[in-house]
There are 2 protein chains.
Amino acid sequence: MVNMASVPTASGKNGSVTMLDVAHHAGVAIGTVSNVLNRPDGVTPSIRDRVLASIDELGFVRNRAASKLAAGVSNTVGVVLADLANSYFTDMVRGAEQSASKAGKFVVIGNSDIDIAKQRSYLTFFDEEQVSGILVAPLGGVIPPEDGHIARQRPLVILDAARQTHAHCAVSTNNVAAGRIAAEHLLGLGRRRLVFAGGPIARSRALADRLQGAQDAVADVEGATLEHMSTDEVQVHDGRRVGALLAHRDADALPDGIVAAADLLALGIVQALTSSSSYRFPDDIALVACDDNRSAYDSIVPISTVDLPGQKMGSTGMRLLLEELADSAEHEHQHITLDPTLTARESTIGR
Amino acid sequence: MVNMASVPTASGKNGSVTMLDVAHHAGVAIGTVSNVLNRPDGVTPSIRDRVLASIDELGFVRNRAASKLAAGVSNTVGVVLADLANSYFTDMVRGAEQSASKAGKFVVIGNSDIDIAKQRSYLTFFDEEQVSGILVAPLGGVIPPEDGHIARQRPLVILDAARQTHAHCAVSTNNVAAGRIAAEHLLGLGRRRLVFAGGPIARSRALADRLQGAQDAVADVEGATLEHMSTDEVQVHDGRRVGALLAHRDADALPDGIVAAADLLALGIVQALTSSSSYRFPDDIALVACDDNRSAYDSIVPISTVDLPGQKMGSTGMRLLLEELADSAEHEHQHITLDPTLTARESTIGR
DNA sequence: CTGAAAGCGCTTACAG
DNA sequence: CTGAAAGCGCTTACAG
C-alpha cells in the first residue's frame, strides 16, 4: 500500500507524480526510468530495483497519453463489438483477448449495439486513440465505404466477413459447410426426409448459405429430400410455430430429420413438439441446430448443434493483426475461412 | 470520400495530417482549429466552415493522445466488465452507455473475465489512460484494498456493491427485496407451502439476502411456511435435481409455490417436473425466479421472474459519475439501492 | 549502460 | 474573435 503522507514530491499538473519525480527520487535520469518501464532487460539490475522501489513508494502511474504521443504507437487493440447480447460476438472477443494477452497487448471494447453510426464512431474513436490495430465484425459483414479511410490508415482485421477483400485481413465462417455438416449428420443416421427450418433467406447471406449447404448434402444422397420451412426470424417463438405446424401433419408427411438454422429456433421446435404431440427426439425426429448457444445445451432435450467458431474467429483475427503489426512491410493480407464443427447431443443420438 | 491523391501536406511524424496542416490549409491559426473542434459555438461561422472543409479535405484525424496530454482530461469513461457472458453485467454496460452518450462521453469496456488480476490490470490501464472516470462491478462487490489507490486518484463508481462505502459512489441491488417480492407474489396468489431453491447461501451474499427476504415475507403471513432446498450452484442441472427430488415426494409433502434463486435453476425445475411428473404449472405449483435472463422467457412454461435492475444500475452509476465529474468540489458520495421488479408470466398466473 | 535535450500534436492562458 | 507561444509527460536518438 502506498502511504500518501510520505510522498515527497508531485510535480505533475494535477498533483500527479511524474517520471521526473521518480528519476529524482531514485537518483537517475528520466530516460532510465523510461527504460525500466519499457525495456527492463537492458538496465542494470540494482538500478532497476531502485527505480522500481521509487515508483512504488511515490505511487507513480505512467501517463499513456504522453507515451503514445511521444512513441507514436500504443500496445492497445480496439475491438468494435456488434452486439453484447449475442454470444457469437462475445466469443470472438474472448478469443481475441486470449491471443492478445499472450502478446502483451491490451484489448478495449466499444459496443456498436447493432448501430452503424455507433460502429463508425467507435472506429473513428479507436483511430484517434492511436490504437495499434482494430478488430471489427462489421454490420453486414462489410466495412461501409465511407469508413474505408480508417482501415487505410490503421491495421484492421475484419471478423465474420461477408466478402472477399484485398484491403485488409479477414476471417469468415463457412456457412455452406455448416449447413452441409448438419444435413450430413442426419443423413449419416439414416434420415432421408429432411426439413430445413429458418429464414428469411433473402435477408441473410449466412442463412442462405446454410440452406445451400444442406441442399448440397441432400443432393449427394439417393432418395433423400429437403423441404424448406421458412420463418420470419430465428427466435424461439418462430420455432414453436414450426413445431406446431409439424405436430398437425399426418405421420407420413412428417420429416424424420430437421436442420434448424439457429439454436433458439430449435429450442422452440423441441418445446412445441414435446408438449403438443407424442413424437420423440430423436426416435421419431432427429434435430440439429446451428450456433451452439447455451440454450441448446440447456434445452429439455439437449440439442445437437453445429458450433460457429466465434472464439476461433477472434483468436485467428487477432493473430493476423499481430502478424501485420510485427511485419507491416512484408505483410500480405489473408482471408481465412473457418469450418464449423458438430457437437452431437441427445436430439440426434439419444442418451 | 477523401481523395488521398489531392492531399497537399502531411507534416506529422507518421505522415499523418496535423492541426497545423489544417490551420495552414484554412489560413487560420492552430488555436482556431482547436476551437472549432472543442468549442465550435465560439467561432465565426464562416471561419468554422472553412476549417471544417479543410479537415474534411485533408482527411485530418485528431490525436486524442495529444489532447489528453495537453488538456489533462479526456471525455472517456472506462467500464470494467466482470463477465461478458452474464446478461446482468452486459445490461449494466448498456445502461451506462445510454447515460453516457447523452452527455457526449465515450464508453470503453475492459473485460475482466471473472479474474481479479485482470480486473486490477484494467483498473490500472484506465487510470493510466487518463479516463475521466471508471465504472466497475468488482468481483465480490468490493474493490480489493490493494487497488484502493486507483479509486483515490480518479472518480470511480462501484456497481453491484456488496458493502456500504464512503470512498466513492455506489449502486446496489436490494436482494432482500427481491426475495420478499418473489415470496409475496406467491403468497398473494394464496400459496402457503413455499420452497426456496438455491445455494450455497454461505458463499453468496446475494443469495443469502434473497432467502432472507423470502423468509421475512413468509413470517408475515399466518400459516405460511418456507422450506429451503439448497443447491451446489444455480445452473440448469441443479434445478433438474431439485425438480427430481420434488417429483418423488408424496403429494402432501409437495410445495404449492417455489422461489428459485436464479432463472437457470427455475428452468431446470420446470423441465424436470414437466417431464417426470404430472404436476402442472401454475395449478399444482407456482414458480417464480430471479434475474430475468432470456432463458426465463424462452422456457417451455414462461417463468415469472424478479428482474434485477442491471440496466438501471448502469445508467444510475453513470449518472453519479457524471455528477461527480461535473462538480467534484461540492460532490458528496452517495450509495443508491435499487429495488427489483416482478414480471409475472405463465408459471404463476397461467395464460 | 547512462544522461541531457529535442520533439511528439495538442490545449490554453495571454495579448491584441 | 484571433494568433503566437509555452507546456502537458513521455520516448528516443545522440553523445559520453
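Modeller: A residue counts as buried under 20% relative accessible area, as exposed over 50%, and as partly exposed in between, with a 1.4 Å probe and protein chains only. This is a predicted model, in which local features need pLDDT of at least 70 and side-chain atom pairs count only at pLDDT 80 or more, while totals for chains, interfaces and linings use all residues. Residues are numbered from 1 along each chain as its sequence is written, chains are lettered from A in the order in which they are written, and side-chain values use heavy atoms, with hydrogens and water left out.

Biologist: What percentage of the 351 residues in chain A do buried residues make up?

Modeller: Buried residues account for 52% of them.

Biologist: Which secondary structure elements does chain A contain, and how spread out is the chain?

Modeller: Helices (H or I, at least four residues) and strands (E, at least two) are DSSP runs, numbered from the N terminus. Chain A has 14 helices and 12 strands. Its radius of gyration, taken over C-alpha atoms, is set against a globule rule of 2.2 Å times the number of residues to the power 0.38. The value for chain A is 27 Å, well over the 20 Å that the rule gives for 351 residues, so the chain is more spread out than a compact globule. Along the principal axes, the C-alpha atoms of chain A fill a box of roughly 90 × 45 × 35 Å.

Biologist: How should the relation between chains A and B be read?

Modeller: Two copies of a chain are related by a rotation about an axis and a shift along it. Here, a turn of 180° and a shift of 0.0 Å along the axis lay chain A on chain B with an RMSD of 0.1 Å, by least squares on the C-alpha atoms of residues with pLDDT of at least 70 in both. That is the relation of a two-fold axis.

Biologist: How many aromatic pairs does a search of the whole structure find?

Modeller: A pair of aromatic rings is described by the distance of the centres and the angle of the planes. Rings of Phe, Tyr and Trp (its six-membered ring) pair if their centres lie within 6.5 Å; planes under 30 degrees apart are stacked, over 60 edge-to-face, and the rest tilted. The search finds 12 over all chains. In one of them, the centres of Tyr88(A) and Phe89(A) are 5.7 Å apart and the planes at 45°, so the pair is tilted. Tyr88(A) and Phe89(A) are both buried.

Biologist: Which aromatic pair joins two chains?

Modeller: Phe106(A) and Tyr122(B) form an edge-to-face pair, 5.5 Å centre to centre with 75° between the planes. Phe106(A) lies in strand E2 (residues 106-111) of chain A and Tyr122(B) in helix H6 (residues 116-128) of chain B, so this pair joins two chains. Both Phe106(A) and Tyr122(B) are buried.
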